[in-house]
Structures are given as structure tokens and as C-alpha cells.
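Please walk me through this protein chain, beginning with how its elements are defined and ending with the way its parts meet.

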Amino acid sequence: MTVSERALAEQLNRSLRHIVLMLRRATADQAITSQQLSVLGSLEHGPCRMTELAAEHGVRLPTMTAQINRLERDGLVERGRDGSDARVVTAALTAAGRERLAAGREQRIGFLAERFAGLTDEERAAVAAALPALDKLFAAP
């Protein structure tokens, strides 16, 4: 790793921390946490095994189970069984969960759009130009 790579990594790390905290503050009035909203997003395209959810979110299975318990209690997800292996527990979005996900996403996008409005055309273009590299940087190995 070169000095410039390390310096860039440190700067990106700081920026990501600020972005995450800013988005959490922007959605603090939501009925669910940003972590729970992220779990809902993971279920957007269909049911998922609990073990896969835990791995995707970088938490242990008991932690994900607690998240799903709260989301299930609130009617946002429902548990099921894997069709090929009845021992495997899955989680899926309910209609209310889809609505909550859409509302949370819209709130974040609206917040970001307002922030982008404060940038110059050149600054917005620079952010847009960086997105493909960021997608590549954060793509799963």
C-alpha cells in the first residue's frame, strides 16, 4: 500500500463516517432505526435466510435474530421456511415493511437531493463521476 493509497483510505473513512451519521440524523424521526431500514432493504427482492442476512450485515446470527424479532413484532417482516430445507428460517417483507422501506428511502433521497442542491454544477458532476469508482470499490469480492 502506498502512502497516497493510505491517505485516500483515511480520508474516505472519515467521509463515510460523516455521511453515515448525517443520514442517521436525517432519518432519526423514523419509527425504526437506520439498521432496521437496512435490513428491510436487504429483503426488498425476496425472502432471505437469516444466516445470509447476518453475514450481509456483518453481525452474528443472534443479533440479526433480535433485529428480525423487532421487525416482525412491528409487522414489517414475516418469518418463513426454506422450501428446500424446512430447518432453514427465512425472513420476508410484508406490505407494511415495503411501505416503511419506501418511506425511509424517500426521506433519505429527499435529504440528499436538498444537499446536492447546495453544490455547484461542477461539484455535482464530480460526485456523479466518482460513483462508478465507488461502486467498484465497494463491490463484493
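Helices, which must span at least four residues, and strands, which must span at least two, are taken here as DSSP runs and are numbered from the N terminus. With that convention in hand, Phe 111 can be placed in helix H5, the helix made of residues 95-117. The model is a predicted one, and what follows should be read in that light.

The chain as a whole comes first. Its secondary structure amounts to 6 helices and 3 strands, and, read from the N terminus on, the elements follow one another as α-α-β-α-α-β-β-α-α. Taken along the principal axes, the box that the C-alpha atoms fill is roughly 50 × 35 × 20 Å.

The strands can be taken together. The 3 strands build an open sheet whose order is E1-E3-E2, with antiparallel pairing. Its edges are strand E1 (48-49) and strand E2 (77-82), each of which pairs on one side only. Between E1 and E3 the antiparallel pairing extends over 2 bridges, and within E3 it is Ala 91 that stands opposite Cys 48. On the other side, E2 is joined by 6 bridges to strand E3, residues 85-93, and these two strands also run antiparallel. Individual partners let the reader trace this register residue by residue: Val 77 has Leu 93 of E3 as its bridge partner, Glu 78 stands opposite Ala 92 in E3, and Arg 81 is partnered by Val 89 in E3. The connection from E2 to E3 is a hairpin through 2 residues.

Two of the helices also deserve a closer look. Helix H3 (residues 50-57) packs with helix H4 (residues 61-73) at an angle of about 105°, and their axes are 9 Å apart. Because angles of 65 to 115 degrees count as roughly perpendicular, H3 is described as roughly perpendicular to H4. On the side of H3, the residues that make this contact are Met 50, Thr 51, Leu 53, Ala 54 and His 57, while H4 contributes Leu 61, Met 64, Thr 65 and Ile 68. Sorted by character, the residues of the contact of H3 with H4 comprise 6 nonpolar and 3 polar ones, with no charged residue among them.

On a coarser level, the chain is divided into domain 1, covering 1-30, and domain 2, covering 32-137. The C-alpha centres of domain 1 and domain 2 are 19 Å apart, and the contact draws 8 residues from domain 1 and 12 residues from domain 2. The size of an interface is often given as the accessible area lost when the parts come together. By that description, domain 1 and domain 2 bury about 930 Å² between them, and 63% of this area lies on carbon and sulfur atoms.

Phe 111 offers a way to end at the level of a single residue. Which residues does Phe 111 touch, not counting residues up to four places away in sequence? They are Met 22, Leu 23 and Ala 26, each of which therefore has heavy atoms within 4.5 Å of Phe 111. Glu 10, by comparison, is separated from Phe 111 by 101 residues in sequence and by 26 Å in space, C-alpha to C-alpha.

Key: Residues are numbered from 1 along each chain as its sequence is written. This is a predicted model: local features need pLDDT of at least 70, side-chain atom pairs count only at pLDDT 80 or more; totals for chains, interfaces and linings use all residues. Side-chain values use heavy atoms; hydrogens and water are left out. Two strands pair if DSSP finds at least two bridges between them. Axes are lines fitted to C-alpha atoms, for helices over the stretch in contact, and angles run from 0 to 180 degrees between N-to-C directions. Angles under 35 degrees count as roughly parallel, over 145 as roughly antiparallel, 65 to 115 as roughly perpendicular and the rest as oblique. Ala, Val, Leu, Ile, Met, Phe, Trp, Tyr, Cys and Pro count as nonpolar, Asp, Glu, Lys and Arg as charged, and the others, Gly among them, as polar. Domain bounds come from an automatic or database domain assignment. Buried area is the accessible area (1.4 Å probe) that two parts lose on being put together, summed over both.
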